[in-house]
Amino acid sequence: MKPTIPKGTRDFGPIEMAKRNYIFDTIRQVYALYGFQQIETPAMETLQTLMGKYGEEGDKLLFKVLNSGDFLSKLTDEDISQISNLNPQISNHLASKMCEKGLRYDLTVPFARYVVMHREELQLPFKRYQIQPVWRADRPQKGRYREFYQCDADVVGSDSLLNEVELMQIIDTVFSRFGIRVQIKINNRKILSGIAEVIGAADKIVDITVAIDKLDKIGIDNVNQELREDGLTEEQIAKLQPIIMLSGTNDEKLSTIAEVLKDSETGLKGVEELRYILGVLGGNHHSQISNLNSQLKNELQLDLTLARGLNYYTGAIFEVKALDVEMGSITGGGRYDNLTGIFGMPGLSGVGISFGADRIYDVLNQLDLYPKESVNTTQLLFINFGEKETAYCLPYINMVRARGIRAELYPDSAKMKKQMSYANAKQIPFVVLAGENEMNEGKLTLKNMETGEQQMLTIEEIIERVK
């Protein structure tokens with residue numbers, strides 16, 4: 001049998017894991033700086049929790065988990081005939097008989113479920129972060145996987161737009177630490193609702209947002225075709241064009257869209273929210289809070305075509321693209337007002353972001369931006385010359401480890417060439433040699449594997465040199 005793994009999944013070796021941990025640790029540190037606390041939820045949720053939260057397309061991408069035991073006993077003859085006919089569209093009714101659980105599609109819906117279940121224990125506003133894998137039955141392609149990690153931060157129990165401002169600062173800080181130049185795109189679902197309203201297609205808001213969210217991928221002509229198929233008239237599609245293709249500075253776009261939406265209360269509310277967020281982050285005259293220190297290092301751009309396909313967003317929405325690599329969105333998020341209402345806790349507002357760790361991993365790889373120290377596992381390898389030499393080295397190994405240096409002793413007294421090859425393969429920067437001379441002197445020889453330089457030193461000098 002030839003070993004294999006499912007399409008859309010990946011193995012990660014030690015070097016890859018060191019790189020991934022650098023990503024997770026960086027994001028974790030920034031979240032903690034802003035007062036977020038970590039939680040975890042199960043890999044599986046009930047289908048009742050997951051279904052109907054991501055729109056029709058999202059529901060199709062849920063991995064359903066087959067019930068254990070004799071689930072076939074619950075099926076009728078009609079159900080079984082559907083299976084035997086290999087019907088590609090097995091109904092939700094049939095799926096519910098065979099599956100009660102599914103792998104989580106994202107971390108936001110499980111978080112909403114968590115908040116409702118633990119409401120008595122939580123201090124609101126509750127700021128949580130979560131770094132865990134999610135699963136989607138998507139078609140695997142470059143930058144798109146069936147199993148991937150999300151790194152979410154959410155604030156629930158506060159309507160304040162300062163939460164949106166903080167999340168923009170978190171995004172900016174994380175990517176500045178990574179050294180990745182990004183463009184942060186922002187829009188507001190209230191503006192999109194207002195646009196649907198003023199073109200006379202308020203009932204088509206979901207269809208419009210799903211279609212224009214694909215603009216970057218499929219182009220304006222295909223977006224328009226999709227809108228036609230969704231039932232929009234040519235007149236309505238024509239009214240959408242100048243809005244979708246709007247250009248200029250953020251202020252100019254806001255002024256133009258405010259004029260377009262002057263008869264939509266919802267749309268104008270969205271404009272007002274964006275004006276505040278952009279004002280605080282830009283320190284300009286539109287904001288009552290003008291703080292030049294809050295300006296971002298990366299560009300924040302108002303993009304009226306940004307829709308983010310998930311149905312639960314109700315306010316500001318964000319998306320981040322890397323500027324120097326061809327890659328889809330590497331971070332996204334937004335404001336949701338009604339998510340916990342589905343679980344019996346209405347009126348709790350939240351806003352959150354999610355870093356796509358797997359895409360960030362690929363971007364850092366392509367741009368070669370990993371710090372050298374994040375990839376090296378062992379810093380110091382002690383060469384094994386035999387039992388007597390090993391007995392001499394062991395106390396020194398304990399000493400360097402106690403001082404925070406990652407060290408190991410080669411376990412076998414193999415040929416020197418083999419031990420050196422091991423050090424090179426693991427990219428270990430220093431090796432220690434201890435033979436008769438070193439033992440007589442009470443010292444050790446340190447070899448720099450990059451320069452080849454060797455020097456007999458005390459253990460304290462070695463610690464100083466390696467650190």
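Two rings of Phe, Tyr or Trp, the last taken by its six-membered ring, count as an aromatic pair if their centres lie within 6.5 Å. In this predicted model, a search of the whole structure finds 15 aromatic pairs.

One of them joins Y392 and Y396, whose ring centres are 5.2 Å apart and whose planes meet at 75°. Because planes over 60 degrees apart count as edge-to-face, the pair of Y392 and Y396 is assigned to that class. Both residues belong to helix α16, which spans residues 387-402, and they are four residues apart, so about one helical turn separates them. Y392 has a relative accessible area of 17% and is therefore buried; Y396 is likewise buried, at 17% relative accessibility.

A further edge-to-face pair is formed by Y410 and Y422, with 5.2 Å from centre to centre and 80° between the planes. Here the partners come from separate elements: Y410 lies in the loop between β13 (407-409) and α17 (416-425), whereas Y422 lies in helix α17. The pair therefore ties together parts that are twelve residues apart in sequence. As for accessibility, Y410 is buried at 9%, while Y422 is partly exposed at 28%.

Aromatic residues also assemble into a group. F12, Y22, Y31, F36, Y129, F175, F178, F355, Y361 and Y370 form one aromatic cluster.

Arginine side chains provide another kind of contact with rings. R10 lies over the face of Y145, at 3.7 Å from the ring centre. R128 is placed over the face of F111, at 4.1 Å from the centre of that ring.

Notes:
Residues are numbered from 1 along each chain as its sequence is written. This is a predicted model: local features need pLDDT of at least 70, side-chain atom pairs count only at pLDDT 80 or more; totals for chains, interfaces and linings use all residues. Side-chain values use heavy atoms; hydrogens and water are left out. Rings of Phe, Tyr and Trp (its six-membered ring) pair if their centres lie within 6.5 Å; planes under 30 degrees apart count as stacked, over 60 as edge-to-face and the rest as tilted. Helices (H or I, at least four residues) and strands (E, at least two) are DSSP runs, numbered from the N terminus. Buried means under 20% relative accessible area, exposed over 50%, partly exposed in between (1.4 Å probe, protein chains only). A charge sits over a ring if NZ of Lys or CZ of Arg is within 6 Å of the ring centre and within 35 degrees of the ring normal.
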